[in-house]
Amino acid sequence: MYAKCFKRVIDFVLVLLALIVLSPILLLLIVVGAIAMGGNPFFMQPRPGKKGKDGNEKIFKLIKFRTMSNAKDREGNLLPDSVRLNKYGRFLRSTSLDELPELLNILIGDMSIVGPRPQLVRDMTFMDDEQRRRHDVRPGLTGLAQVNGRNNITWLQKFEYDLQYIDSGITLWGDIKIIFQTVFKVLKRSDTVREGTDSDMDYGDWLMQEGKVDAETYSVKQTQAKNILTM
């Protein structure tokens, strides 16, 4: 009953209140972000959301605060993440403040407060049917995987936690528990990035590294992702 009838209503009310209370902080981050990033402080990226009646994931635009500049080399290629990620961007990531604009995604119904984190479209193409069951529900600002290691667990462990959240039954108490655990994680600034890295590895790249897919399959999946984004 909670998952089908009340979860969306509670999400809407809580996020609306949060946006009102946090509006001064959001305005400050917009101004500071525009200065620190030399332009648009927002980062928008297509992500797979909840499956529609046709069984396909709805692609929506995830909104975050930009943490990396658009600095390029002489050939016009983006510089490595470690170069484009400045001190301000590191601060946003370590405090998870870069995630605040996703409250708008929750308000309009693309996301929920709690649910599986929305991954990249190119990550989705590498998922099998069982893993893609994570898209049977709205993606979340936080989730079971985020309070159990976040970026310091493997991709397969993330998917296991995502499916566990769905299969164990989505309850109000369960969501409240995850929210409080998330607050503790954010205050502690733990597991925001994988140790020794600036940005986490894409699922397809991880599969290649582990020898679970070959170069031909990798190329096909990347093409599939591009086709989805152009539809």
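Reader: What makes R133 and E130 a salt bridge?

Author: This is a predicted model, by the way. The side chains of R133 and E130 meet at 2.9 Å, N to O. The cut-off is within 4 Å, so the pair counts as a salt bridge.

Reader: Why are R133 and E130 called partly exposed?

Author: R133 has a relative accessible area of 22%, and E130 has 42%. Partly exposed runs between the buried limit, under 20%, and the exposed one, over 50%, so both residues get that label.

Reader: Which other salt bridge does R133 make, and with what distance?

Author: R133 also meets D167, again as side chain to side chain, at 2.9 Å from N to O. D167 lies in helix α6 and R133 in the loop between α5 and β4 (140-142), so this pair ties together parts that are 34 residues apart in sequence.

Reader: How many salt bridges does the structure hold?

Author: The structure holds 12. One of them joins the side chains of R117 and E102, at 2.7 Å from N to O. R117 sits in the loop between β3 (112-114) and α5 (121-124) while E102 is in helix α4, so parts 15 residues apart in sequence are tied together.

Reader: How do you know whether R117 and E102 are buried or exposed?

Author: Check the accessibility: R117 is at 10% and E102 is at 0%. Buried means under 20%, so both count as buried.

Reader: Which residues are linked with R117 and E102 in a network of salt bridges?

Author: K64, D98 and E99 are in that network along with E102 and R117.

Reader: On to the rings. What makes F159 and Y203 an edge-to-face pair?

Author: A search of the whole structure finds 6 aromatic pairs. For F159 and Y203, the ring centres are 5.0 Å apart and the planes are at 85°. Pairing needs centres within 6.5 Å, and edge-to-face needs planes over 60 degrees apart, so the name fits. The pair links distant parts of the chain, with F159 in helix α6 (residues 155-167) and Y203 in helix α8 (residues 203-209), 44 residues apart.

Reader: And why is Y203 with W206 called stacked?

Author: Here the centres are 6.2 Å apart and the planes are at 20°. That distance is within 6.5 Å and the angle is under 30 degrees, so the pair is stacked. Y203 and W206 both lie in helix α8, 3 residues apart, which is about one turn of the helix.

Reader: How do you know whether these three rings belong to buried or exposed residues?

Author: F159 is at 3% relative accessibility, Y203 is also at 3%, and W206 is at 12%. The buried limit is under 20%, so F159, Y203 and W206 count as buried. Together with W155, they form one aromatic cluster.

Reader: What sits over the ring of W155, and what makes you say "over"?

Author: The charged end of K158 does, 4.5 Å from the ring centre. The distance cut-off is within 6 Å, so K158 meets that part of the test.

Reader: One last oddity: what is unusual about the phi of S96?

Author: S96 has a positive phi of about 65° although it is not a glycine. Most residues other than glycine have a negative phi. You'll find S96 in the loop between α3 (87-95) and α4 (102-108).

Reader: Why does S96 count as buried?

Author: S96 is at 11% relative accessibility, and the limit is under 20%, so buried is the right word.

Technical notes. Residues numbered from 1 in each chain as written. Predicted model: local features only at pLDDT ≥ 70, side-chain atom pairs only at ≥ 80, totals over all residues. Heavy atoms only, no water. Helix = DSSP H or I, 4+ residues; strand = E, 2+ residues; numbered from the N terminus. Buried < 20%, exposed > 50% of the residue type's maximum accessible area, 1.4 Å probe, protein only. Lys NZ or Arg CZ within 6 Å of the ring centre and 35° of its normal.
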